[in-house]
Amino acid sequence: MREQPIGEAVENDERDKVIAYHKGDTHAAIDTLLGDIRHLRRQLTLAEGAMSRGMTRGWRPRYDRD
């Protein structure tokens, strides 16, 4: 899958590629994506702990979308 700029909509082709990668098993595709979300949340937590408040000028990461 190609990298997307932030805010760009997911294309149907990308969904098809994810499902094809998992040989049509949509549950496996969802499990993989949920695992990726958990991993990225852990990475965000680690980054938040390593950042100083001055470095981010008060910005705090959000773990959920608005």
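Here are some notes on this predicted model, point by point.

1. Overall layout. The protein chain has 3 helices and 0 strands, and along the sequence the pattern reads α-α-α. So if you go looking for a sheet in the viewer, the count of strands is 0, by the DSSP runs used here.

2. How far to trust it. The average pLDDT for the protein chain is 80, and 74% of the residues score at least 70. Confidence varies between the elements: H2 has the highest mean pLDDT, at 90, while helix H3 (residues 53–56) has the lowest, at 64. I'd keep that in mind when reading the points on the segment after H3.

3. Surface and burial. Of the 66 residues of the protein chain, 11% count as buried. The chain exposes about 6,000 Å², and carbon and sulfur atoms supply 56% of that area. Two of the residues discussed below, His 22 and Pro 61, count as buried.

4. The H2 helix. H2 runs over residues 26–50, which gives it 25 residues. From its first C-alpha to its last it reaches 36 Å, close to the 36 Å expected at 1.5 Å a residue. At the start of H2, Asp 25 places a side-chain oxygen within 3.1 Å of the backbone nitrogen of His 27.

5. A nonpolar patch. Which residues form the nonpolar patch on the surface? They are Ile 30, Leu 34 and Ile 37, and together they have about 260 Å² of accessible area. Ile 30 is found in helix H2. Its relative accessible area is 47%, so Ile 30 is classed as partly exposed and clears the cut-off of over 30% for patch members. As background, an α-helix has 3.6 residues a turn, so residues three or four places apart point the same way.

6. The salt bridge. The count of salt bridges comes to 1. The partners are the side chains of Lys 17 and Asp 13, with 3.4 Å from N to O. Both residues lie in helix H1 (residues 12–21), 4 residues apart, or about one turn of the helix. In general, side chains of opposite charge can pair when their charged atoms come close. Buried or exposed, or in between, for these two? Lys 17 has a relative accessible area of 47%, so it is partly exposed. Asp 13, at 41% relative accessibility, is partly exposed as well.

7. His 22 in the loop. His 22 lies in the loop between H1 and H2. Despite the loop position, His 22 counts as buried, because its relative accessibility is 16% and the cut-off for buried is under 20%. What does the side chain of His 22 contact? It reaches the backbone oxygen of Val 18 at 2.9 Å, and it makes a polar contact with the side chain of Thr 32 at 2.8 Å.

8. Lys 23 and its backbone angle. Lys 23 is found in the loop between H1 and H2 too. Its phi is near 55°, a positive value in a residue other than glycine. For context, most residues other than glycine have a negative phi. Lys 23 counts as exposed, at 76% relative accessibility, whereas His 22 counts as buried.

9. Pro 61 and H2. Where does Pro 61 sit? Its place is in the segment after H3. Pro 61 counts as buried, because its relative accessibility is 9% and the cut-off is under 20%. Pro 61 and Glu 48 are 13 residues apart in sequence, with 7.1 Å between their C-alpha atoms. Ala 47 and Pro 61 are 14 residues apart in sequence and 9.3 Å apart in space, C-alpha to C-alpha. Ala 47 is found in helix H2 and counts as partly exposed, at 34% relative accessibility.

10. Tyr 63, a little further along. Tyr 63 also lies in the segment after H3. At 29% relative accessibility, Tyr 63 counts as partly exposed. Its C-alpha atom is separated by 8.9 Å from that of Thr 45, and the two residues are 18 apart along the chain.

Terms used. Residues are numbered from 1 along each chain as its sequence is written. Side-chain values use heavy atoms; hydrogens and water are left out. Helices (H or I, at least four residues) and strands (E, at least two) are DSSP runs, numbered from the N terminus. The expected span of a helix is 1.5 Å times one less than its number of residues. A polar contact is a pair of N or O atoms within 3.5 Å; within protein, one must be able to donate a hydrogen and the other to accept it, and residues adjacent in sequence count only if both atoms are side-chain atoms. Buried means under 20% relative accessible area, exposed over 50%, partly exposed in between (1.4 Å probe, protein chains only). Accessible areas come from the Shrake-Rupley method with a 1.4 Å probe; for residues, only the protein chains shown count as cover. A salt bridge is a side-chain nitrogen of Lys or Arg within 4 Å of a carboxyl oxygen of Asp or Glu. Patches are made of residues with over 30% relative accessible area and no salt bridge: like charges are joined within 9 Å, nonpolar side chains (Val, Leu, Ile, Met, Phe, Trp, Tyr) within 5 Å. pLDDT is the predictor's confidence in each residue, from 0 to 100.
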